[in-house]
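Colleague: Before we discuss this protein, could you put the model on the screen? I would like to go through its fold, its charged pairs and its rings in turn.

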Amino acid sequence: MFNKKITRDLLTPLYKKVNKQIEKEFINYDNVHFIDIINNINYVAKDDVHPNLEGQKYMKEKVLEKILI
């Protein structure tokens, strides 16, 4: 995650490609689940690479969605 929009925009296609490859690998395991949180790059703490509170909430919702499926 990067706090500069231009960096995020440049790296997003790479992240998406890597995520697709990881997701393909996870399909081989019954007890491993891929959760795509690519949009979390929009919720980064200022001057940091970690998710801010909104990013943490976003990830929580994505995990809950997967659990409840």
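Colleague: Let us begin with Glu-65: is its side chain buried, partly exposed or exposed?

Modeller: This is a predicted model, and what I say about Glu-65 is a computed value. The relative accessible area of Glu-65 is 44%, and since buried means under 20% and exposed means over 50%, the residue falls in the class between them. Glu-65 is therefore partly exposed.

Colleague: With which residue does Glu-65 form a salt bridge?

Modeller: The partner also lies in helix α2, three residues apart from Glu-65, which is about one turn of the helix. That partner is itself partly exposed, with a relative accessible area of 25%. The closest N and O atoms of the pair are 3.9 Å apart, and the cut-off is 4 Å, so the contact counts as a salt bridge; the partner is Lys-62.

Colleague: Glu-54 is also part of a salt bridge; which residue is its partner there?

Modeller: Helix α2 covers residues 53-68, and both members of this pair lie in it, three residues apart, or about one turn of the helix. Glu-54 is partly exposed at 41% relative accessibility, and its partner is partly exposed as well, with a relative accessible area of 40%. The closest N and O atoms are 3.6 Å apart, and the partner is Lys-57.

Colleague: What is the N to O distance in the salt bridge of Lys-60 and Glu-61?

Modeller: Both side chains of this pair can be placed by their accessibility: Lys-60 is partly exposed, with a relative accessible area of 45%, and Glu-61 is partly exposed, with 40%. Side chains of opposite charge can pair when their charged atoms come close. For Lys-60 and Glu-61 the N to O distance is 3.5 Å.

Colleague: How many salt bridges does the structure hold?

Modeller: Those we have discussed include the pair of Glu-54 and Lys-57, the pair of Lys-60 and Glu-61, and the pair of Lys-62 and Glu-65. For the structure as a whole, the number of salt bridges is four.

Colleague: Turning to the rings, what is the geometry of the pair formed by Phe-26 and Phe-34?

Modeller: A search of the whole structure finds two aromatic pairs. In the pair of Phe-26 and Phe-34 the ring centres are 6.2 Å apart and the planes stand at 70°. Phe-26 counts as partly exposed at 29% relative accessibility, whereas Phe-34 is buried at 14%. Because planes over 60 degrees apart count as edge-to-face, the pair of Phe-26 and Phe-34 is edge-to-face.

Colleague: And how many residues apart in sequence are the parts that the pair of Tyr-43 and Tyr-58 ties together?

Modeller: The rings of Tyr-43 and Tyr-58 have their centres 5.7 Å apart and their planes at 40°, so this pair is tilted. Tyr-43 lies in the loop between α1 (5-26) and α2, while Tyr-58 lies in helix α2, so the parts that the pair ties together are apart in sequence by 15 residues.

Colleague: Finally, what share of the residues of the protein counts as buried?

Modeller: The secondary structure comes to two helices and zero strands, and the C-alpha trace spans about 40 × 25 × 15 Å along its principal axes. Tyr-58, at 16% relative accessibility, counts as buried, whereas Tyr-43, at 30%, is partly exposed. Of the 69 residues of the protein, the share that counts as buried is 17%.

Methods
Residues numbered from 1 in each chain as written. Predicted model: local features only at pLDDT ≥ 70, side-chain atom pairs only at ≥ 80, totals over all residues. Heavy atoms only, no water. Salt bridge = Lys/Arg side-chain N within 4 Å of Asp/Glu carboxyl O. Helix = DSSP H or I, 4+ residues; strand = E, 2+ residues; numbered from the N terminus. Buried < 20%, exposed > 50% of the residue type's maximum accessible area, 1.4 Å probe, protein only. Phe/Tyr/Trp six-rings, centres within 6.5 Å; stacked < 30°, edge-to-face > 60°.
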